[in-house]
Structure formats: structure tokens, C-alpha cells
Amino acid sequence: MEKLQSAYLFPEISMREVQHIEKYPDAKLISLGIGDTTEPIPDIIASSMANYARSLSTAEGYSGYGAEQGNKALRKAIAETFYRDVRVKETEVFVSDGSQCDITRLQLLFGSNVSIAVQDPSFPAYVDSSVIIGQAGDFEDKTGMYGKIQYMKCLPKTNFFPDLATASRSDIIFFCSPNNPTGHAATRQQLEQLVKFAKENGSIIIFDSAYAAYISDDSPRSIFEIPGAREVAIEVSSFSKFAGFTGIRLGWTVVPEELSFSNGFPVINDFNRIVCTCFNGASNIAQAGGLACLSPEGFASVHSIIKCYKENAKILRDTFSSLGLKVYGGENAPYLWVHFPGSKSWDIFTEILEKTHIITVPGSGFGPEGEEFMRISAFGHKESIIEAARRLGNLYP
């Protein structure tokens with residue numbers, strides 16, 4: 001724990017937001033920062049949870065503990081909705097209280113003696129959980145990296161994909177697509193290279209597909225679309241950004257039966273033991289909402305909200321582009337990755353906050369290669385996004 005650097009990124013931003021509100025109590029703050037959904041959950045989904053909760057007050061409707069692996073009907077619905085064409089079985093789906101929680105459970109599964117690789121930049125939970133579990137080694141101030149973590153540079157000039165020809169072997173590879181923070185969705189060819197690399201090196205990929213619902217081109221939505229991935233990959237995903245469940249908490253992890261440790265023992269067996277030991281199962285109420293999300297009407301309704309967020313992203317992308325800044329992402333993800341050449345990202349964070357009362361996220365919080373960049377979230381009500389675009393236009397005319 002002592003090796004963790006400062007505070008976790010998002011609570012740090014929240015703290016600065018509170019300080020700003022105290023300083024400017026009359027300011028109308030707009031958040032384009034922490035990726036929290038803002039649009040109401042569709043009634044068909046909210047009603048399903050309300051009805052389930054109400055039924056708990058009856059003898060007929062009451063239920064206690066559920067299966068640690070999740071409601072069987074929901075596991076089946078996830079497999080059929082997201083993985084119908086890639087042979088994922090319902091028994092390979094583990095329902096959880098969110099993908100970030102599952103990342104930590106996977107860290108517990110693999111332990112402190114494995115080597116890991118992360119994209120740079122990447123979601124900070126991969127690195128911080130590695131530090132906590134004891135994988136990371138010492139932090140090196142000169143490089144801004146932990147000594148035992150391999151940081152795979154994912155830069156605009158390489159289409160946000162690491163140079164695997166120069167990468168060293170790691171036991172575990174964390175890979176997020178569409179990527180948080182860059183918004184880049186890996187191409188089929190890129191993921192084929194990643195799977196090939198993992199197979200040649202005996203590595204396991206932990207593939208984070210939390211933003212897959214935002215993909216609008218032919219980029220793969222699951223690592224299991226790639227031949228051979230079932231032998232080398234685990235996939236974590238979430239209802240948070242897909243269905244607005246950031247406060248309800250519901251996600252899932254897929255562990256294929258073919259995935260084995262070097263001694264031939266199935267990974268799924270050990271992950272099942274971790275889940276049964278460390279988790280009592282996702283909320284029955286949340287799982288009722290998850291089932292409603294995957295009904296035909298529910299699925300259509302959540303995609304209409306995703307469409308709204310993607311329209312927000314276009315407004316913000318056009319705004320930053322019109323200011324002469326290079327903008328990445330925002331097409332297959334709810335995040336934009338904006339380049340401010342020669343600038344420190346925390347300085348840009350402070351300037352934007354002080355002059356426009358807009359919260360953003362400094363790119364350096366996602367790794368050394370995030371310096372000079374800002375992550376901009378498209379989660380917000382349309383009128384707030386339009387107002388934010390106006391303020392930013394006045395700041396950088």
C-alpha cells in the first residue's frame with residue numbers, strides 16, 4: 001500500500017471539484033471528467049427492479065442469497081446477447097457487481113508472483129491493483145513507472161497499439177478496447193496480433209470490453225471474435241456505461257473452459273473458487289434490472305441513450321477540432337483524447353477549471369504517455385454539453 005502514488009486519480013479529481021465549488025459557490029460547474037452516466041434509466045428497466053424489490057415484501061417473492069456465479073437466466077441472456085456467434089456458454093459467464101471489482105478478483109486469482117503488462121495510457125485500476133497485490137515493484141520517479149510493470153506505449157503514431165515486436169513477455173496482459181482513456185477501438189488485425197503474441201508467449205489477456213456497446217464500425221466487440229482467443233483470454237465487461245448502472249453495480253466476466261494454466265489446470269475452476277470465497281453474488285435487484293436490459297424493449301431503450309452520448313461526443317469533438325487541437329476517440333467510445341502539445345496535463349486541467357468551471361481529466365493520470373493529453377467525457381445532458389462547448393470556444397478562440 002505504501003508504494004501507491006498519491007491518491008487514486010478519480011477521488012483526487014472529486015476532491016479538487018469540491019474545493020472549486022467552495023471557492024466559487026455560485027459557479028455552474030459542468031463535469032466532462034469522471035465517466036459517470038447522466039441520463040435516466042429507461043422505465044422498463046427501473047420498473048423491473050422496483051417490482052422485484054417490492055416482491056421481497058411478500059412470502060412468495062422473497063429471496064435470499066443467490067448463486068455466487070449469478071442468476072442462471074441472466075448468465076444465459078448475457079451469453080446469447082453478446083456472445084451468440086463466438087461459442088460462449090452460460091456456464092462460462094460470471095455475473096458480478098462490476099468489472100472493476102472483477103479486475104481485483106482476477107488479481108487475487110493470479111497473485112503477486114506474475115508479471116503484468118498494461119497499455120500506456122490505460123485505466124489506472126490495472127496498475128493500482130497490481131501495486132496493491134504486490135506485482136508492481138518500486139515506483140521510479142524519473143520514468144513515472146513501476147519497475148516490474150511493462151508499459152506498452154499506445155500512441156497516435158502507432159494507431160494506439162503497442163509494438164509487440166519489441167515487447168517482452170508478461171504473464172498477464174491488460175488490454176481495454178474501446179480504450180479508456182483514448183477512445184480507440186482496436187481493429188480486428190490488431191487483436192489478431194495480440195492473440196498471436198499471447199499464444200506464442202504463454203500469456204493470458206484480460207480484455208476489458210466495458211465500452212463495446214459504443215462501437216459503430218466493424219471493430220470487434222469481444223476478444224472472442226478472434227480465432228484462438230478462447231485459449232488465451234478472459235473478458236470483463238459491465239452494465240455501467242452500457243445501461244447506466246454506475247450506481248446499481250452489475251457486470252460480468254467470461255472465463256472460457258479452454259483457458260488453462262501452464263500445468264493444464266482450468267483457470268475457470270480457480271476463478272469459480274475465488275468468486276465463491278470472496279463474493280456472495282450480485283444484488284438480486286440489480287440482476288433483475290440486467291435481465292430487463294437484455295429484453296428486446298430494454299435493449300433498444302439503452303441503445304437510444306448510447307446514441308445520445310455519442311451525439312454529445314460529436315459536439316465536443318467538433319468543438320476541440322475547431323480550436324485547432326488534435327482530437328482522438330469519440331467515435332467508438334464516450335471519451336475524447338485531446339492533445340495540448342507542450343503542456344502539462346494537470347496545468348490544463350487547472351486552467352480549464354478556473355476559467356470555464358468545467359471538470360476534465362488530466363491524461364497523465366492514465367500513465368506517462370498521457371502527458372500533454374486530456375480525457376474528455378461525453379456523459380452529460382445535452383444542454384450541458386452545448387454550454388460546455390460554448391465556454392471552451394471562448395477560452396480558446
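Okay, a quick definition to start: when I sort residues by class, Ala, Val, Leu, Ile, Met, Phe, Trp, Tyr, Cys and Pro count as nonpolar, Asp, Glu, Lys and Arg as charged, and the others, Gly among them, as polar. Keep that in your head, we'll use it. And one caution: what you see above is a predicted model.

Let's begin with the overall layout. The domain assignment splits the chain into domain 1, which is 9-39 + 298-393, and domain 2, which is 47-294. Their centres, taken over C-alpha atoms, are 25 Å apart. Where they touch, domain 1 puts in 30 residues and domain 2 puts in 37 residues.

Now, the second largest pocket. How much space lies in there? About 420 Å³. It has 20 lining residues, and G35, Q100, F123, Y211 and K241 are the closest to its centre. Two elements, α4 and α7 (240-243), each give two or more residues to that lining. Here's where the definition comes in: the lining has eight nonpolar, seven polar and five charged residues. And both domains take part, with at least three residues from each of domain 1 and domain 2.

Next, the cavity. With a cut-off of 30 Å³ or more, the count is one cavity. Its volume is about 80 Å³. Which residues lie nearest its centre? Those are F242, A243, G244, I305 and Y309, out of 14 that line it. The elements giving two or more residues here are α7 and α10 (296-322), and α10 has the largest share, with four residues. By class, you get 10 nonpolar, two polar and two charged residues. Again, domain 1 and domain 2 each supply at least three residues to the lining.

Last stop, a pair of helices. In general, two packed helices are described by the angle between their axes and the distance between the axes. So let's do that for helix α4 (residues 99-110) and helix α5 (residues 124-133): their axes come within 10 Å and cross at roughly 35°. Is the crossing of α4 and α5 left-handed or right-handed? It's right-handed.

As for who meets whom, α4 brings Q100, I103, T104, Q107 and L108, while α5 brings A125, Y126, S129, S130 and I133. Sort those contact residues and you find five nonpolar, five polar and no charged. Look at Q100 once more: that residue of α4 meets α5, and Q100 is also one of the residues closest to the centre of the second largest pocket.

That's my tour, thanks!

Conventions
Residues are numbered from 1 along each chain as its sequence is written. This is a predicted model: local features need pLDDT of at least 70, side-chain atom pairs count only at pLDDT 80 or more; totals for chains, interfaces and linings use all residues. Side-chain values use heavy atoms; hydrogens and water are left out. Axes are lines fitted to C-alpha atoms, for helices over the stretch in contact, and angles run from 0 to 180 degrees between N-to-C directions. A crossing is left-handed if the near helix is turned anticlockwise from the far one by less than a right angle, and right-handed if clockwise. Contact means heavy atoms within 4.5 Å. On a 1 Å grid over the protein atoms alone, a cavity is a set of points where a 1.4 Å probe fits but cannot get out, and a pocket is an open set with protein on both sides within 12 Å along at least five of seven lines; lining residues have an atom within 4 Å of a point. Grid points are joined across faces, edges and corners, and a volume is the space filled by probe spheres set on the points. Domain bounds come from an automatic or database domain assignment.
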